[in-house]
Amino acid sequence: MTRKQKRLVVIGGGMGFILAAVMLVMFAFSQSVAYFYMPADLARTPVAPETRIRLGGLVGEGSVVRGAGSTVEFAVTDGSGDAVKVRYTGILPDLFREGQGVVTEGKFAVGSREFIADTVLAKHDEKYMPKDVADRLKAQGFWQESKGKEGEGTQ
């Protein structure tokens, strides 16, 4: 092998190694991505069962039903009239209640339109709600700015 051929083999091997590393990283990221949806989005473009997503909106009034053990069922709505039934088994955050913002992560059950959540994050105002969720609720006219009481937040 000549010197030029050895150099080309080393460069080719290095490029192959870099390409393999980039492909592995891209595969790992694609497996951990959970896209964000609101109930109106799901009504327009349904998601295949077993696809991991994040579902956000507000907990529907009168929709919280506590089942056996630590199982809770509730509806997530965004004011568009669409609601998604969610089932969660576990301990809910302290801020979880009807009418409050929530972001759930999980999958739709096979053969039904029920969302099985494995993570529930409760939010109490737009400061802690993901910006895109708050912006969408404001754009739909469902989000109402609350004015703090005089003296709140001061010592």
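**Exercise 1. Determine whether Glu105 is buried or exposed in this predicted model, and which side chains it contacts.**

Step 1. The relative accessibility of Glu105 is 16%. Buried means under 20%, so Glu105 counts as buried.

Step 2. Glu105 belongs to strand E6, which covers residues 101-108.

Step 3. The side chain of Glu105 has a polar contact with the side chain of Arg52, at 3.2 Å. Another polar contact, of 3.0 Å, links the side chains of Glu105 and Arg54.

**Exercise 2. Establish which residues of helix H3 are buried, and why they line one face of the helix.**

Step 1. The buried residues in H3 are Val133, Ala134 and Leu137.

Step 2. When H3 is viewed down its axis, these buried residues fall within an arc of 95 degrees, and therefore they line one face of the helix. As a general principle, an α-helix has 3.6 residues a turn, so residues three or four places apart point the same way.

Step 3. On the other side of H3, Lys131 and Ala139 are exposed.

Step 4. The cover over the buried residues of H3 includes strand E1 (35-37) and strand E2 (53-59).

Step 5. After H3 comes Gly141, with a positive phi near 80 degrees.

**Exercise 3. Describe the largest nonpolar core: which residues touch the most other members, and which elements give two or more residues to it?**

Step 1. This core has 19 residues, of which Leu42, Leu55, Phe74, Val86, Phe96, Phe115 and Val120 touch the most other members.

Step 2. Two or more residues come from each of E2, E4, strand E5 (83-89), E6 and strand E7 (115-123). The most is given by E7, with 4 residues.

Step 3. Leu42 may be examined more closely. Leaving aside residues up to four places away in sequence, Leu42 touches Tyr37, Val47, Ile53, Leu55, Val84 and Phe108.

Step 4. A general tendency applies here: in soluble globular proteins, nonpolar side chains tend to be buried together.

**Exercise 4. State the average pLDDT of the protein chain, and identify which elements have the lowest and the highest mean pLDDT.**

Step 1. The average pLDDT of the protein chain is 81, and 83% of the residues score at least 70.

Step 2. Among the elements of the chain, helix H3 (residues 131-139) has the lowest mean pLDDT, 76, whereas strand E4 (residues 71-77) has the highest, 92.

Step 3. Over residues 147-155 the pLDDT is below 50, and this stretch has 0 contacts in the model beyond near neighbours in sequence. Where pLDDT is low, the predicted coordinates should not be read in detail.

Definitions and conventions: Residues are numbered from 1 along each chain as its sequence is written. Side-chain values use heavy atoms; hydrogens and water are left out. Buried means under 20% relative accessible area, exposed over 50%, partly exposed in between (1.4 Å probe, protein chains only). A polar contact is a pair of N or O atoms within 3.5 Å; within protein, one must be able to donate a hydrogen and the other to accept it, and residues adjacent in sequence count only if both atoms are side-chain atoms. pLDDT is the predictor's confidence in each residue, from 0 to 100. Contact means heavy atoms within 4.5 Å. The arc is that of the directions from the helix axis to the C-beta atoms. A nonpolar core is a set of buried Ala, Val, Leu, Ile, Met, Phe, Trp, Tyr and Cys residues joined through side-chain atoms within 4.5 Å.
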